[in-house]
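Trainee: I should like to work through this model with you, one feature at a time. Where shall we begin?

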Amino acid sequence: MPNSENVTAVSEKENDFAGQVELSIRKKFHKKIFSRFAKAVNEYKMLEEKDRVAVCISGGKDSMLMAKCFQELQRHRKFYFELVFLVMDPGYHIRNRRQIEQNARMMNIPLTIFETDIFQAVEHIEKSPCYLCARMRRGYLYSRARELGCNKIALGHHFDDVIETVLMGMLYGGQIQTMMPKLHSTNFEGMQLIRPLYLVREDDIKHWRDYHNLQFLQCACRFTDACADSKKEMTSKRQEIKDLIKTLKITNPYIEGNIFKSVENVNLSTVIAYKKDGIRHHFLDTYE
């Protein structure tokens with residue numbers, strides 16, 4: 001049997017670490033992280049009284065930080081809402097599953113875990129396996145969250161994800177679109193998706209992670225695991241966009257903010273065509 005004194009010592013150490021993490025969010029990272037988290041929640045009206053939110057945790061730095069920010073927000077809440085910290089295991093290697101559980105235990109995040117076979121289902125898909133995986137993940141998360149009585153799911157996308165999505169759509173998709181701060185689900189009636197880290201910068205999330213010497217998962221699918229094990233570098237269109245923004249920032253330090261603002265300042269009078277609710281509108285439709 002384990003020594004009760006050792007178990008107690010481990011528990012006290014974990015509680016102490018969780019306290020340090022929480023203190024850093026309240027103090028050291030309040031301006032850069034928590035205040036921006038709270039601003040997004042308020043500005044985009046992400047929470048309402050009696051909401052039950054499934055905080056979806058992938059095991060990465062973003063979703064783990066989001067969980068801690070939600071806990072902090074709940075301590076100072078102006079109205080009642082509930083949180084469920086939901087983890088979907090799509091077929092993780094055991095070491096990755098254990099790392100998620102260990103990090104959550106260290107940071108005092110009570111997990112609700114359920115299992116799927118998504119990795120197995122997309123393992124042999126050659127065309128857009130990541131897209132299919134993401135779609136399936138979201139569907140399972142919505143479904144499980146609804147079973148748990150939740151009306152919203154929260155994902156850990158941050159400011160950099162938003163501006164990268166804008167540029168990716170323009171440069172590789174030939175369209176202008178953005179990652180919305182909240183969405184109504186099209187397949188799960190009454191459910192919504194919210195992104196509370198919408199205004200938080202990735203560099204600040206990394207700073208928080210490194211300040212506490214935390215180790216998080218990257219993607220943890222079997223494909224990226226294999227690449228990491230063989231020390232190969234993954235390249236992607238998103239990484240290309242990250243590099244492009246970094247280069248542009250050398251001559252224009254405001255480039256990131258300007259990209260973000262561009263989709264808030266759309267002048268339809270100067271747009272040739274646009275779509276709304278699936279219907280295409282052209283400037284010639286009303287041109288006289």
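Mentor: As this is a predicted model, the values that follow are computed from it. Let us begin with helix α4, residues 94-106, which lies across β2 and β3.

Trainee: At what angle does helix α4 run to β3?

Mentor: The angle is taken between N-to-C directions and can run from 0 to 180 degrees. For helix α4 against β3, the value is about 165°.

Trainee: In which sense do β2 and β3 pair?

Mentor: Strand β2 covers residues 82-89, and five bridges join β2 to β3. D89 stands opposite E115 in β3. The sense of the pairing between β2 and β3 is parallel.

Trainee: Which strands stand at the edges of the sheet?

Mentor: The sheet is open, has six strands with mixed pairing, and follows the order β3-β2-β1-β4-β6-β5. A strand with a single partner has one side left without a neighbour in the sheet, so the edges are held by β3 (111-115) and β5 (182-184).

Trainee: By how many degrees are neighbouring strands of this sheet turned against each other on average?

Mentor: Direction is ignored for this value. The average turn between neighbouring strands is 25°.

Trainee: How are the rings of F37 and F70 arranged?

Mentor: A search of the whole structure finds 10 aromatic pairs. For F37 and F70 the ring centres are 5.3 Å apart and the planes stand at 85°. Planes over 60 degrees apart count as edge-to-face. The pair F37 and F70 is therefore edge-to-face.

Trainee: How many residues apart are F37 and F70?

Mentor: F37 belongs to helix α2 (residues 30-43) and F70 to helix α3 (residues 61-75), so named by their DSSP runs. Both F37 and F70 are buried. The pair links distant parts of the chain, with a separation of 33 residues.

Trainee: Where do Y198 and F260 lie in the chain?

Mentor: Y198 and F260 form an edge-to-face pair, with 5.7 Å centre to centre and 65° between the planes. They are 62 residues apart, and the pair links distant parts of the chain. Y198 lies in the loop between β6 (192-194) and α8 (202-211), and F260 in helix α11 (residues 255-262).

Trainee: Are Y198 and F260 buried or exposed?

Mentor: Under 20% relative accessible area counts as buried, over 50% as exposed. Y198 and F260 are both buried.

Trainee: Which residues form one aromatic cluster?

Mentor: Y198 and F260, already met as a pair, belong to this cluster. Its members are Y44, F159, Y198 and F260.

Technical notes
Residues numbered from 1 in each chain as written. Predicted model: local features only at pLDDT ≥ 70, side-chain atom pairs only at ≥ 80, totals over all residues. Heavy atoms only, no water. Pairing = 2+ DSSP bridges. Helix = DSSP H or I, 4+ residues; strand = E, 2+ residues; numbered from the N terminus. Contact = heavy atoms within 4.5 Å. Phe/Tyr/Trp six-rings, centres within 6.5 Å; stacked < 30°, edge-to-face > 60°. Buried < 20%, exposed > 50% of the residue type's maximum accessible area, 1.4 Å probe, protein only.
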